[in-house]
Amino acid sequence: MKNKTFSLLPIVLAIAAGSMFPGSASFAATHKATKPAAHATKATATKKVAAAANALPPLAADNSLAGTPPALPAKAWLLMDFDSGEVLASANADEALPPASLTKMMTSYIVEQALRTGKLKPTDLVSVSENAWCRGSSTESCMYLPLNSQATVIDILRGIIIQSGNDASKAIAEHMAASEEGFAKLMNAEAQRLGMTHTHFMNPTGLPDPDHKSSARDLAILARAIIRDSVDYYPIYAEREFKYNGIKQGNRNALLYTDPSVDGLKTGHTDAAGYCLVTSSKRNNMRLITVILNTHSAQARADQTRTLLGWGYSTFEKATPIQPNTVVTKAKLSFGKADTVDAGLATPWMLTVPRGQQVQTSVELKSDLEAPLTKGAVIGKVVATANGKPIGEAPLTALADVERAGLLLRLWQHVTQLFGK
């Protein structure tokens, strides 16, 4: 009996050891799900520490229409009022920097305008060349279009905006302009038309190139153009996910999941560009556009955008200095059946102004106005200021037609002008 008990001891010890040591089969089966999670948590913490170590010093505003904006650890940042295009606060707004995938805002804008004008149709098929094809590298963003396949323009557009697909961007570039280089010419022409004076595109993706640059101000101008000109397609920028080729990918703009007022626009990241984000948010009747360029992490670009939006909405409010179709002034003119014409605003004028500050307006009329004059003709402008700073302007238009006087009356008016009467 004693010998039998002793012979079972190794088995008992083996079972005990199997339950104690991680290398055993029983441990692996029981803890298989928890081991990767623990490693992932450690990796995430390591990345956060590394990102914090790479953080830039806070960058204070070098331009602000009111108050003291927050200093943000990025190479450039900007806050713009959508309605007027006025920059409310910024830092290094005109420094040309690598824009990474923010480039794709211009790619999508060109596609959207082609759709709007009928040059492209949503159902048109786009072919995927070997150059456009993404091989599944983890170093770049892909829509995962199969090689030599075809996709509709509207799917390609979603792949560019939501999935930030380099393959989608290259494919549409080749479809519209035969090559990436040809499409870059279209991009630069459009940038020039929009007034993006510190921008030069080399490709439709934003992949690194030493000559591929844009600025915070230019990217805000582009975002404003998308919202204004691409009304039918702008809702795509708020979509949180898109599934194509059996692969579902989420939108990388974290604020779409946490802030219901945010409805666009685009993220970007490369080693050279850092983490970038252009965002648009609308609360009540005010829409603001933010740009964050070259910060140290995806979390940082989201946090800095939240901070900038919070400051903007708490510091500014909407105002209507002058109602449309009200007489602002009477403008003198020559050689008309009437000596003056009522001048006012043809359309509503909404301004974003510092909270609690009064808005003053002044009128600047064109010199030497002459008849005939048609209703709606621009004859000057109204300039609004707050606290001594210009905050916007609107065209001043004629509120009525003024016919040209007959020959005798014109001669008499000419004589009286000569004698200063």
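A strand here is a DSSP run of E with at least two residues, and strands are numbered from the N terminus. The model used in these exercises is predicted.

**Exercise 1. Backbone exceptions**

Task: Find which strand holds leucine 265, and state what kind of peptide bond leads from glycine 264 to leucine 265.

Solution.
Step 1. Leucine 265 belongs to strand E8.
Step 2. The bond from glycine 264 to leucine 265 has omega near 15 degrees and is cis.
Step 3. Another cis bond joins alanine 371 to proline 372, with omega about 5 degrees. Proline 372 sits in the loop between strand E15 (360-365) and strand E16 (378-386).
Step 4. As background, most peptide bonds are trans, and most residues other than glycine have a negative phi.
Step 5. Asparagine 92 has a positive phi, near 55 degrees. Alanine 178 also has a positive phi, about 75 degrees.

**Exercise 2. Two loop residues**

Task: Decide whether asparagine 92 and alanine 178 are buried, partly exposed or exposed.

Solution.
Step 1. Locate the residues: asparagine 92 is in the loop between strand E3 (87-91) and H4, and alanine 178 is in the loop between H6 and H7.
Step 2. Recall the cut-offs: buried is under 20% relative accessible area, exposed is over 50%, and partly exposed lies in between.
Step 3. Asparagine 92 has 29% relative accessibility, so asparagine 92 is partly exposed.
Step 4. Alanine 178 has 67%, so alanine 178 is exposed.

**Exercise 3. The sheet that contains E8**

Task: Give the strand order of the open sheet of six strands and name its edge strands.

Solution.
Step 1. The order is E1-E3-E2-E10-E9-E8, and the pairing is antiparallel.
Step 2. Strand E1 (63-64) and strand E8 (262-270) each pair on one side only, which makes them the edge strands.
Step 3. Inside the sheet, E9 (residues 274-283) pairs with E10 (residues 286-295) over eight bridges. In this pair, serine 281 faces leucine 288 of E10.

**Exercise 4. Aspartate 259**

Task: Describe where aspartate 259 lies and which residues it touches beyond four places away in sequence.

Solution.
Step 1. Aspartate 259 is in the loop between helix H9 (255-258) and E8.
Step 2. Its relative accessible area is 14%, so aspartate 259 is buried.
Step 3. Beyond four places away in sequence, aspartate 259 touches Arg283 and Leu309.
Step 4. With arginine 283, the side chain of aspartate 259 makes a side-chain polar contact of 3.1 Å.

**Exercise 5. Glutamine 150**

Task: State whether glutamine 150 is buried, partly exposed or exposed, and name its polar partner.

Solution.
Step 1. Glutamine 150 lies in strand E5 (residues 150-152).
Step 2. At 45% relative accessible area, glutamine 150 is partly exposed.
Step 3. Residues up to four places away aside, glutamine 150 touches Leu125, Val126, Ser127 and Tyr244.
Step 4. The side chains of glutamine 150 and serine 127 form a polar contact of 3.2 Å.

**Exercise 6. Helices H4 and H7**

Task: Classify the angle between H4 and H7 and sort the contact residues by type.

Solution.
Step 1. H4 (residues 104-117) and H7 (residues 180-194) pack at about 90 degrees, with axes 10 Å apart.
Step 2. Angles of 65 to 115 degrees count as roughly perpendicular, so H4 is roughly perpendicular to H7.
Step 3. H4 contributes Met106, Thr107, Tyr109 and Ile110, while residues from H7 include Phe183, Leu186 and Glu190.
Step 4. The contact residues divide into eight nonpolar, one polar and two charged.

How values were computed
Residues are numbered from 1 along each chain as its sequence is written. This is a predicted model: local features need pLDDT of at least 70, side-chain atom pairs count only at pLDDT 80 or more; totals for chains, interfaces and linings use all residues. Side-chain values use heavy atoms; hydrogens and water are left out. Two strands pair if DSSP finds at least two bridges between them. Helices (H or I, at least four residues) and strands (E, at least two) are DSSP runs, numbered from the N terminus. Buried means under 20% relative accessible area, exposed over 50%, partly exposed in between (1.4 Å probe, protein chains only). A polar contact is a pair of N or O atoms within 3.5 Å; within protein, one must be able to donate a hydrogen and the other to accept it, and residues adjacent in sequence count only if both atoms are side-chain atoms. Contact means heavy atoms within 4.5 Å. Axes are lines fitted to C-alpha atoms, for helices over the stretch in contact, and angles run from 0 to 180 degrees between N-to-C directions. Angles under 35 degrees count as roughly parallel, over 145 as roughly antiparallel, 65 to 115 as roughly perpendicular and the rest as oblique. Ala, Val, Leu, Ile, Met, Phe, Trp, Tyr, Cys and Pro count as nonpolar, Asp, Glu, Lys and Arg as charged, and the others, Gly among them, as polar.
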